Amino acid sequence: MNHSATSLHAEPQTQPEHFDVLIVGAGISGIGGAYHLTHQCPGTTFVVLEAQDSFGGTWLTHRYPGIRSDSDLYTFGYRFKPWTGTPIATAAEIRSYMGEVIAENDLAQYIRYGQRISSAIWSSQDALWTITATRGDTGQTRRFTANFLWMCQGYYRHEIGYTPEWPGMSRFQGQIVHPQTWPEDIDLAGKQVLVIGSGATAATLVPNIANDCAHVTMLQRSPTFFRTGRNAIEIADELRKLQISEEWIHEIVRKKILYEQSAFTRICESNPDWAKEQLLAGVKHYLGETFDIATHFTPAYRPWRQRIAFIPDGDLFQGIRDGKASVVTDEIETFDETGIALKSGKHLDADIIVTATGFHLNVLGDIEFVIDGKPLVFADTVTYRGMMFTGVPNMAWVFGYFRASWTLRADLVADFVCRLLNHMKAKGARSVTPALRPEDADMKLLPWIDAENFNPGYLMRGMHLLPKRGDKKEWAHTQDYWNEKDEIPAIDLDDAAFVYK
Ligand SMILES: Cc1cc2nc3c(=O)[nH]c(=O)nc-3n(C[C@H](O)[C@H](O)[C@H](O)COP(=O)(O)OP(=O)(O)OC[C@H]3O[C@@H](n4cnc5c(N)ncnc54)[C@H](O)[C@@H]3O)c2cc1C
């Protein structure tokens with residue numbers, strides 16, 4: 001069945017349009033889902049609904065100067081499509097890669113843009129989701145029904161970033177900008193720019209605007225770990241010289257990167273001091289022995305408790321070394337007319353303040369979920385391996401890895417969903433709902449993520465909105481690619497954790 005984009009204009013709608021599967025979002029996860037469905041579940045009807053006007057998700061939303069991946073594209077790219085560029089890629093390069101996936105696999109016919117889903121209502125009697133979406137251009141709503149919902153909506157609100165409320169913000173006479181809504185017409189020439197934050201976004205933005213403004217200062221409350229290195233992978237370049245096929249290069253380089261990441265993660269756990277020294281040596285290489293690395297680039301937490309951003313060619317540190325950028329580690333006392341007064345008593349003058357302060361976690365795409373007449377309280381559910389939820393029928397979501405590339409998990413979850421759909425078809429089941437088994441009755445329920453293990457701000461702020469986890473691997477989102485790559489394909493779909501009807 002070909003659901004072409006022309007059916008979009010068939011208003012007014014009398015009957016909801018029906019699909020076997022409805023994918024929410026056309027980011028890296030949703031486009032991957034569409035690819036896997038066409039390859040692993042041929043004949044399944046499906047549609048991808050996307051609120052924005054094009055594909056890309058994160059890589060479309062974020063348009064600040066220098067926007068790039070902080071993980072390598074060999075593992076951030078799909079397992080099925082070789083990556084042939086430099087390992088760290090710009091948003092434009094990632095979108096172009098995704099565009100090729102869409103074109104090469106004829107996926108455009110399945111995607112509807114400008115469709116924001118506002119509600120998803122499940123009826124057990126019909127074993128169907130009824131989904132309402134609103135068109136961005138006309139404001140018209142459309143209804144869809146689907147047997148299965150595949151949530152590829154990411155983890156944060158795309159329209160607006162997170163800016164804390166600081167005292168005195170309204171007094172500031174200059175411009176306040178969040179990187180997620182970067183104004184196209186911003187004029188940096190001759191300006192003093194102050195970037196608040198020191199995560200991957202700030203670390204990308206600072207060197208990329210340093211030449212366009214008078215001076216840029218990165219203001220951080222506390223330091224962050226960074227990895228530095230060349231934006232190249234020697235073995236990939238070697239293999240290309242030998243004219244090895246790109247499919248082979250993709251596979252070999254993926255394996256090598258994953259092996260090295262795993263080894264580093266283990267060292268971070270077993271010998272955090274050594275790992276810390278290695279990371280700090282990379283910073284020292286650019287900033288020299290006399291720079292105060294202890295104050296500005298030596299975090300108090302263990303490496304890997306937060307994602308470690310990769311700084312290609314140490315560009316952030318080169319900017320600081322060359323005097324175009326500087327870093328201040330201090331706390332904000334108040335904004336005032338001319339900038340920011342710090343707790344130390346110092347004052348930072350600014351014409352433009354950039355709040356690189358993160359995201360608003362939005363757990364299920366700000367969609368209102370109702371199950372058999374009852375609003376779904378997501379925090380009352382328990383996750384099945386971070387993919388499905390107790391009491392929520394025919395629904396899977398994609399939440400990738402924090403420490404390894406997101407797409408590694410998007411591919412694994414896609415395999416699982418396709419296998420589950422095929423299994424349901426073979427069984428003649430209309431619905432599948434995860435449920436705790438008798439042996440899970442006394443299982444201790446815990447917050448989604450162990451804050452001792454991983455604790456970025458947007459997750460900590462939104463933990464109360466997330467499902468619970470249990471202390472068994474079936475009921476946890478482990479964030480461990482090395483186990484999941486073997487465990488997810490081996491899941492017994494007839495386990496009592498899956499209730500079929
Ligand atoms: C600046 C930045 C850099 C990052 N760099 C990396 C990196 O280098 N490596 C890495 O592994 N991860 C990185 N991440 C994490 C990143 O978000 C994921 O890796 C990945 O791109 C997420 O893909 P996704 O398709 O799951 O979600 P998203 O990219 O968030 O896309 C979700 C899509 O769903 C749509 N959507 C949401 N709600 C609705 C709704 N109600 N109705 C219709 N459509 C909806 C959105 O408009 C969006 O297009 C980065 C994140 C950010 C913000």
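**Domain organisation, ligand shell and local features**

The chain is divided into domain 1, which covers residues 6-158 together with 361-500, and domain 2, which covers residues 163-357. The contact between them takes 25 residues from domain 1 and 29 residues from domain 2. On the side of domain 1 that touches domain 2, the residues divide into 13 nonpolar, seven polar and five charged. The centres of domain 1 and domain 2, taken over C-alpha atoms, are separated by 30 Å. The model described here is a predicted one.

As to overall dimensions, the C-alpha atoms of the chain fill a box of roughly 70 × 55 × 50 Å along the principal axes. The radius of gyration of the chain is 24 Å, which agrees with the value near 23 Å for a compact globule of 501 residues. Of these 501 residues, 39% are buried. Among the contacts in the chain with a separation of 6 or more, 71% are accounted for by residues 24 or more positions apart. The secondary structure of the chain consists of 13 helices and 25 strands.

The shell around the ligand was examined next. There are 32 residues around the ligand, and Gly25, Gly27, Gly57, Gly154 and Gly365 come nearest. By class, the shell has 11 nonpolar, 17 polar and four charged residues. Helix H1 (28-40) and strand S4 (115-123) each supply at least two residues of this shell. Helix H1 gives the most, with three residues.

Two strand pairings are described, one parallel and one antiparallel. Strand S1 (residues 17-24) pairs with strand S2 in the parallel sense, over four bridges. Within this pairing, Ile23 has Val48 of S2 as its bridge partner. In a regular strand, side chains alternate between the two faces of the sheet. Strand S2 (residues 46-49) has Phe46 and Val48 pointing one way and Val47 and Leu49 pointing the other way. All of these S2 residues are buried, whichever way they point. Val48, the bridge partner of Ile23, is thus described among the buried residues of S2 as well.

The antiparallel pairing is formed by strand S13 (residues 332-336) and strand S14 (residues 339-342), which are joined by four bridges. A hairpin of two residues leads from S13 to S14. The bridge partner of Thr334 in S14 is Ala341.

Several individual residues were also considered. Trp304 is placed in the loop between helix H9 (293-296) and strand S11 (309-312). Trp304 counts as partly exposed because it has 19 C-beta neighbours inside 10 Å, while a residue is counted as buried from 20 upwards. When residues up to four places away in sequence are not counted, Trp304 touches Thr265, Cys268 and Arg403. Trp304 and Phe225 are 79 residues apart along the chain, and their C-alpha atoms are separated by 8.5 Å.

Ser262 is placed in helix H7 (residues 246-270). With 15 other C-beta atoms within 10 Å, Ser262 is partly exposed. The C-alpha atoms of Ser262 and Ile449 are separated by 20 Å, the two residues being 187 residues apart along the chain.

Positive phi values occur at Ala127 and Gln479, neither of them glycine. For Ala127, phi is near 50 degrees. Ala127 lies in the loop between S4 and strand S5 (128-135), and strand S4 is also one of the elements that supply residues to the shell around the ligand. Ala127 has 15 C-beta neighbours inside 10 Å and therefore counts as partly exposed. For Gln479, phi is near 65 degrees. The place of Gln479 is in the loop between strand S24 (469-470) and helix H13 (481-487). Gln479 has 19 C-beta neighbours inside 10 Å, so this residue also counts as partly exposed.

Notes: Residues are numbered from 1 along each chain as its sequence is written. This is a predicted model: local features need pLDDT of at least 70, side-chain atom pairs count only at pLDDT 80 or more; totals for chains, interfaces and linings use all residues. A residue is near a molecule or strand if its C-beta atom, placed from the backbone, lies within 6 Å of it. Ala, Val, Leu, Ile, Met, Phe, Trp, Tyr, Cys and Pro count as nonpolar, Asp, Glu, Lys and Arg as charged, and the others, Gly among them, as polar. Two strands pair if DSSP finds at least two bridges between them. Domain bounds come from an automatic or database domain assignment. Two residues are in contact if their C-beta atoms, placed from the backbone, lie within 7 Å. The radius of gyration is taken over C-alpha atoms; the globule rule is 2.2 Å times the number of residues to the power 0.38. A residue is buried if 20 or more other C-beta atoms lie within 10 Å of its own, exposed if 12 or fewer, and partly exposed in between; C-beta atoms are placed from the backbone.
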